[in-house]
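Work through the exercises below with the sequence and the model at hand. Each task is followed by a solution in steps.

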Amino acid sequence: MSDHTTARLPVEVLDEVVLEEIFSIMPDDMQILFSSFQQDAELRLQRINDAMDAGDAEELRRSAHTLKGGALGVGAGGYAAQCRAMEELGRNDDLALAPSLLVSLKSDLRGVVAALEQWYAARSVM
């Protein structure tokens, strides 16, 4: 499944300018950054799930907003766009599409993490 997910979110969806800028500032801490992003993203996805279950559109919006910021911070603009869509669902208090979008966000997170690792491995070889 991860091969399929990685195919949906190839390295090209990453903003290499953002990644190169981060790398120039903290080359030895990229793996820590990626790991922190993944852990926080998993927490935010759980909060989105819990907010969905509770019908709490505001918490869903806040958690999606934070997740979007984290994705932008690691150069994952495509993933951030999906988070923005979830954020809008919360903002509009329209949670009908949230379950299917959450499934995509959970699945695509694996692809984002794989793409980040692939980028770092390729960059480290240079």
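**Exercise 1. State how many helices and strands the protein chain has, and what pattern they follow.**

Solution. The protein chain has six helices and zero strands. Helices (H or I, at least four residues) and strands (E, at least two) are taken as DSSP runs and numbered from the N terminus. Along the sequence the pattern reads α-α-α-α-α-α. The model is predicted: local features need pLDDT of at least 70 and side-chain atom pairs count only at pLDDT 80 or more, while totals for chains, interfaces and linings use all residues. Residues are numbered from 1 along each chain as its sequence is written, and side-chain values use heavy atoms, with hydrogens and water left out.

**Exercise 2. Find what share of the protein chain is buried, and what share of its contacts with a separation of 6 or more joins residues 24 or more positions apart.**

Solution. Begin with the term: buried means under 20% relative accessible area, exposed means over 50%, and partly exposed lies in between (1.4 Å probe, protein chains only). Of the 126 residues in the protein chain, 40% are buried. For the second part, contact means heavy atoms within 4.5 Å. Among contacts with a separation of 6 or more, 68% are between residues 24 or more positions apart.

**Exercise 3. Sort residues of helix H2 into a buried side and the face turned away from it.**

Solution. Helix H2 covers residues 16–25, and its buried residues are Leu 19, Ile 22 and Phe 23. Viewed down the axis of H2, these fall within an arc of 100°, so they line one face of the helix. The arc is that of the directions from the helix axis to the C-beta atoms. An α-helix has 3.6 residues a turn, so residues three or four places apart point the same way. On the face turned away from the buried side sit the exposed residues Val 17, Glu 21, Ser 24 and Ile 25.

**Exercise 4. Locate polar contacts of Asp 15 and Ser 24.**

Solution. A polar contact is a pair of N or O atoms within 3.5 Å; within protein, one must be able to donate a hydrogen and the other to accept it, and residues adjacent in sequence count only if both atoms are side-chain atoms. At the start of H2, a side-chain oxygen of Asp 15 comes within 3.0 Å of the backbone nitrogen of Val 17. Ser 24 is exposed, with a relative accessible area of 56%. The side chain of Ser 24 reaches the backbone oxygen of Glu 21 at 2.7 Å.

**Exercise 5. Describe how H2 meets helix H3, and what Val 18 touches.**

Solution. Axes are lines fitted to C-alpha atoms, for helices over the stretch in contact, and angles run from 0 to 180 degrees between N-to-C directions. The axes of H2 and H3 (residues 30–54) come within 10 Å and cross at roughly 125°. That makes H2 oblique to H3; angles under 35 degrees count as roughly parallel, over 145 as roughly antiparallel, 65 to 115 as roughly perpendicular and the rest as oblique. Leu 19, Ile 22 and Phe 23 of H2 make the contact with Met 30, Leu 33 and Phe 34 of H3.

Val 18 also lies in H2 and is partly exposed, at 25% relative accessible area. Leaving aside neighbours within four places in sequence, Val 18 is in contact with Leu 72, Gly 73, Val 74 and Gly 75. Val 18 and Leu 72 are 54 residues apart in sequence and 8.6 Å apart in space, C-alpha to C-alpha.

**Exercise 6. Determine how helices H4 and H5 pack.**

Solution. H4 (residues 57–73) and H5 (residues 77–91) pack at about 165°, with their axes 8 Å apart. H4 is therefore roughly antiparallel to H5. Residues of H4 including Leu 60, Ala 64 and Leu 67 meet residues of H5 including Ala 80, Cys 83 and Met 86.

**Exercise 7. Compile the contacts of Gln 82 and Asn 49 beyond four places in sequence.**

Solution. Gln 82, in H5, is buried at 18% relative accessible area. Gln 82 touches Leu 101, Ser 104, Leu 105 and Asp 108. Asn 49, in H3, counts as buried at 18% relative accessibility. The contacts of Asn 49 are Leu 102 and Lys 106.
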